[in-house]
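Student: Could you take me on a close look at the part of this model around the ligand? I would love one connected walk through the shell and the elements that build it.

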Amino acid sequence: MKKVGVIGSGFSSLTAAIELASMGFDVEVFEKNEALGGRARHFKEEGFVFDMGPSWYWMPDVFEDFFARHGKKVEEYYDLIKLDPGFSIYYDDGEKLEIPESFNALVDIFENIESGSGDKLQHFMKRAEKKYEIGVKNLVYKPSKSIFEFINLKVIKGSFYLDIFTVFSKYVRKYFKHEKLIKLMEFPILFLGSLPSNTPAMYSLMNYSGLKQGTYYPIGGFYKIIEALVGLAKEKGVSFSCSSQVQKINVTNGKVSSLLVNNQNLPIDIVVAGADYHHVDSKLLEPKFRNYTNDYWNSRKLAPSCLLFYLGLNKKLKNVNHHTLFFDKDFSKHAKEIYETPKWPNEPLFYMSCPSVSDDSVAPKGMENIMLLIPLAPDLKDSNEMREKYFLIMLERLNQLTGNDISDSIVYKKSYCVSDFIKDYNAFKGNAYGLANTLDQTAILKPSLRNKKLKNLFYTGQLTVPGPGVPPSIISGQVVANEINKYF
Ligand SMILES: Cc1cc2nc3c(=O)[nH]c(=O)nc-3n(C[C@H](O)[C@H](O)[C@H](O)COP(=O)(O)OP(=O)(O)OC[C@H]3O[C@@H](n4cnc5c(N)ncnc54)[C@H](O)[C@@H]3O)c2cc1C
């Protein structure tokens, strides 16, 4: 039986491991950290359960399809609830817009804000649904080795709907004029780590997922999904080694022959690298075997990093939803400070997740569990002073807009920022979300999922195809496993 070594235990590594074990490979996962799950790890402190990374559960069909491939159902592993409202947004006039679970109710809200926009939303969504069907059910499963993979009847027939060469920001403005609606429609693009002005309109499939399919939540927290995948992997015979940093990929006669893990060389037939691509390529391989140069990496547009706070509060908050976007400041200014002139933002937009609104199990009774997040340019110098400065800014805005003063109610507090991403995940420039999904970094223009010189070394995860986010990472693992199965 051929032995596959998987580097890292994020979503893509786990789905690759499950697929490969199902195909008959002997699979071992090596994770540098004590805990499995990569950026989706969690931790427990003083009765609170904090998800460290993802909190938005979109594209539920991707999760269902993955478990169904293995004869399983999502509900065998976790209780999934649909949030209502899915999320809310604060605007600069201090108004809060709650996005209802019901699409028809959303159409009415649009109509109230801008006359005629209800019908336009229906039309926008029909096209977005088509994009979703072609994109998420078809295109993202391609290994993206050649443009010819994308030339098939379904795609040709659907190309009218794809709007690949239309810019998202212009596309949205063809439908809607009111700034509030534009902000709402452009928000899902932030998940792709890029700007609406730099993103193909094809990605309005994200609007379909967020506004029509809705926002879901696994009771117990996002880590329930990691536990489900680890459980399924073990059932398939995958073995896991935690606190096992891969230090080097060894090559003999033009092939990867072993992995150096905790100072021991372990023989291996095939490697799937689910750790950050840049780290694997430029730190674990000798220069002559690398897929890309430093210049290549430095010319890539990375998705943002972020500043996070995990807080336990000794009281319940009023007037707060599970997901809240504080978009009460100028988005374009903050975006510039992330993408064009990287610096700590002057007036940041931020996001608050409060899972204890929907789930009693993540905080002690009568208490609240919150995560605050500011997107930042990657590679910024972070310091405790900076973290604290932005912490106070967020507390003040939270108080102003929601009427909750939490300054005297914090019983647990932990921050996480650029330097932690580098230390914990070997993240290139401390990125949080991988590589941006801009047009020139999409599909065949992404870092390749196979090493060009070493035929038994493959890459998976949010820096390769199809891109950043949990659903794409789940798909990335499947795509790489299929490629390996083809060749071995
Ligand atoms: C704060 C935050 C919020 C997010 N929110 C959302 C969200 O709401 N919804 C969503 O869909 N997505 C979200 N994402 C993105 C999503 O979490 C990621 O796209 C996804 O989890 C990445 O998975 P991955 O497979 O690429 O691996 P990663 O999670 O990046 O895991 C890689 C693993 O490799 C390990 N590793 C690194 N080097 C080595 C080595 N040398 N040896 C062994 N192991 C190594 C690391 O420790 C890590 O465990 C968020 C991300 C962050 C950081």
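Tutor: With pleasure! α1 (11-22), β14 (305-313) and α15 (470-487) each supply at least two residues of the shell around the ligand. Those labels are DSSP runs numbered from the N terminus, helices being H or I with at least four residues and strands being E with at least two. The largest share, three residues, comes from α1. Please keep in mind that this is a predicted model, where local features need pLDDT of at least 70, side-chain atom pairs count only at pLDDT 80 or more, and totals for chains, interfaces and linings use all residues. Residues are numbered from 1 along each chain as its sequence is written.

Among the 36 residues around the ligand, the nearest are G8, G10, S12, G38 and G461; a residue is near a molecule or strand if its C-beta atom, placed from the backbone, lies within 6 Å of it. Sorted by class, the shell holds 15 nonpolar, 18 polar and three charged residues. Here Ala, Val, Leu, Ile, Met, Phe, Trp, Tyr, Cys and Pro count as nonpolar, Asp, Glu, Lys and Arg as charged, and the others, Gly among them, as polar.

On the level of domains, domain 1 (3-34 + 242-300 + 434-487) and domain 2 (45-101 + 214-219 + 304-432) each give the shell at least three residues. The bounds come from an automatic or database domain assignment, which also lists domain 3 (103-203). Between domain 1 and domain 3, the C-alpha centres are 30 Å apart. Their contact takes 18 residues from domain 1 and 15 residues from domain 3, where two residues are in contact if their C-beta atoms, placed from the backbone, lie within 7 Å. On the domain 1 side, the touching residues divide into 11 nonpolar, five polar and two charged.

Now back to two of the helices that feed the shell. The axes of α1 and α15 come within 7 Å and cross at roughly 35°. Such axes are lines fitted to C-alpha atoms, for helices over the stretch in contact, and angles run from 0 to 180 degrees between N-to-C directions. The crossing of α1 and α15 is right-handed; a crossing is right-handed if the near helix is turned clockwise from the far one by less than a right angle, and left-handed if anticlockwise. On the α1 side, the contact includes F11, S12, L14 and L20, while α15 brings residues including V470, I474, V480 and I484. Taken by class, this contact has nine nonpolar, seven polar and one charged residues. S12 thus turns up twice, being one of the residues that come nearest the ligand and part of the contact with α15.

α15 has another partner in α2 (residues 60-69), packed at an angle of about 30° with the axes 9 Å apart. The two helices are therefore roughly parallel to each other, given that angles under 35 degrees count as roughly parallel, over 145 as roughly antiparallel, 65 to 115 as roughly perpendicular and the rest as oblique. α2 passes α15 in a left-handed crossing. V62, F63 and F66 of α2 meet P471, I474 and I475 of α15, and the residues of this contact are six nonpolar, no polar and no charged. I474 therefore serves both helix contacts of α15, as it is listed with α1 and with α2. Just before α15, in the loop that follows β19 (457-459), sits P466. The peptide bond from V465 to P466 is cis, with omega near -5°. Another cis peptide bond joins D84 and P85, with omega about 0°, and P85 is found in the loop between β5 (80-82) and β6 (87-90). For context, most residues other than glycine have a negative phi, and most peptide bonds are trans. S243, in the loop between β9 (239-241) and β10 (246-252), has a positive phi of about 50° although it is not a glycine.
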